Protein chains: 2
Amino acid sequence: MKRTLASTAVGILAVAIASTASAALKPEEQIQYRQAGYSFMSWNMGKIKANLERDYNQAQVAAAANAIAAIANSGMGALYGPGTDKDVGDTETHVKPELFQNMEEVGKLAGDFVAAADKLNAVAATGDQSAVQTAFGDLGKTCKACHQKFRADD
Amino acid sequence: MKRTLASTAVGILAVAIASTASAALKPEEQIQYRQAGYSFMSWNMGKIKANLERDYNQAQVAAAANAIAAIANSGMGALYGPGTDKDVGDTETHVKPELFQNMEEVGKLAGDFVAAADKLNAVAATGDQSAVQTAFGDLGKTCKACHQKFRADD
């Protein structure tokens, strides 16, 4: 539990504070890395969804939830640095520029997302499928909450 | 320790066994998801490298190592299904076709990689920088071992 709270705090802070390490990355690299993170989480969300709809493989669900939580807690906020609010050359971003003017709200949405990812990870480790179903739905809502406000596609 | 061994076994098995969930993915989607995983691990390797070279931030290193280990243990072997041994439309792969004819060797390399990622994750959690330096180097060697044999760029 201590770790979950600490992770959440890191997630929220990471939105506002670009790390030293990422400051050296070009804007297009930051966009590519953040898209890689979302893409890989999407693959793992899809695996959990398939497990909930068909044969439930606890080990696969636990590994997928762990990957999502670890990515969520990796400080992706550092990948939203200056110059990443628009396409850079061939590297297209789907983020709305409004995200960068609403960092307080984004921090709250990111905190909800990290907390829900941690919850799913904890629940998936126990193997209770109905609890995973609930936590998975709750996590999906936190994804959608940010997409609807700040992703251009939705 | 039990979890580390179990994770390693999952990693090795995952190379040989395409999961039900991923069987529904198109070859180009499998290529894109596996590249996303490697890309996101690369970002986190870069962060750990920067921490070892400059100011060491234990929380950042631990989060990065956790992301790498979780991705390594997520069953990426399922993303090497039929039809992913060559470019698919605009989706280019850098994997050599030889990988698909040497699954036993690939399984061994993947097992080494997962074990090294688990080791780095365990060491990073303790905050001993010199141990992290060693485990980080060891993990890099397992990446390179596979790249040199089976990635077209190297």
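In what sense, left-handed or right-handed, does helix 4 of chain A cross helix 4 of chain B? The points below take up this question together with the rest of the model.

1. On the basis of the note. This is a predicted model, in which local features need pLDDT of at least 70 and side-chain atom pairs count only at pLDDT 80 or more, while totals for chains, interfaces and linings use all residues. Residues are numbered from 1 along each chain as its sequence is written, chains are lettered from A and ligands numbered from 1 in the order in which they are written, and side-chain values use heavy atoms, with hydrogens and water left out.

2. On the pairing of helix 4 with its copy. Helix 4 of chain A passes helix 4 of chain B in a left-handed crossing, a term used if the near helix is turned anticlockwise from the far one by less than a right angle, right-handed being the clockwise case. The contact is made by A:Asn66, A:Ala67, A:Ala70 and A:Ile71 on one side and by B:Asn66, B:Ala67, B:Ala70 and B:Ile71 on the other, where contact means heavy atoms within 4.5 Å. By class, six of these residues are nonpolar, two are polar and none is charged; here Ala, Val, Leu, Ile, Met, Phe, Trp, Tyr, Cys and Pro count as nonpolar, Asp, Glu, Lys and Arg as charged, and the others, Gly among them, as polar. The two helices, each covering residues 58-72 in its chain, pack at an angle of about 155 degrees with their axes 8 Å apart. Helices here are DSSP runs (H or I, at least four residues; strands are E, at least two), numbered from the N terminus, and their axes are lines fitted to C-alpha atoms over the stretch in contact, with angles that run from 0 to 180 degrees between N-to-C directions. Helix 4 of chain A and helix 4 of chain B are therefore roughly antiparallel, the word for angles over 145 degrees (under 35 is roughly parallel, 65 to 115 roughly perpendicular, and the rest oblique).

3. On the relation between the chains. A turn of 180 degrees with a shift of 0.0 Å along the axis lays chain B on chain A with an RMSD of 0.0 Å, the copies being superposed by least squares on the C-alpha atoms of residues with pLDDT of at least 70 in both. The two copies are thus related as by a two-fold rotation axis. Of the residues of chain B, B:Ala36 comes closest to that axis, with its C-alpha at 2.1 Å.

4. On the interface. Chain B and chain A each give 28 residues to the contact, and the area buried between them is about 2200 Å², of which carbon and sulfur atoms give 64%. Buried area is the accessible area (1.4 Å probe) that two parts lose on being put together, summed over both. B:Tyr33, B:Phe40 and B:Trp43 supply 29% of the area that chain B buries against chain A, more than any other three residues.

5. On packing within chain A. Helix 3 (residues 27-53) and helix 4 of chain A pack at about 155 degrees, with axes 9 Å apart, and are therefore roughly antiparallel to each other. Their crossing is left-handed.

6. On packing within chain B. The axes of helix 5 (residues 103-126) and helix 6 (residues 129-150) of chain B come within 9 Å and cross at roughly 160 degrees, which makes helix 5 of chain B roughly antiparallel to helix 6 of chain B. Helix 5 of chain B passes helix 6 of chain B in a left-handed crossing, and the residues of their contact divide into 17 nonpolar, one polar and five charged.

7. On a loop lysine. A:Lys86 lies in the loop between helix 4 and helix 5 of chain A, and, leaving aside its neighbours within four places in sequence, A:Lys86 is in contact with A:Ile31 and A:Thr93.
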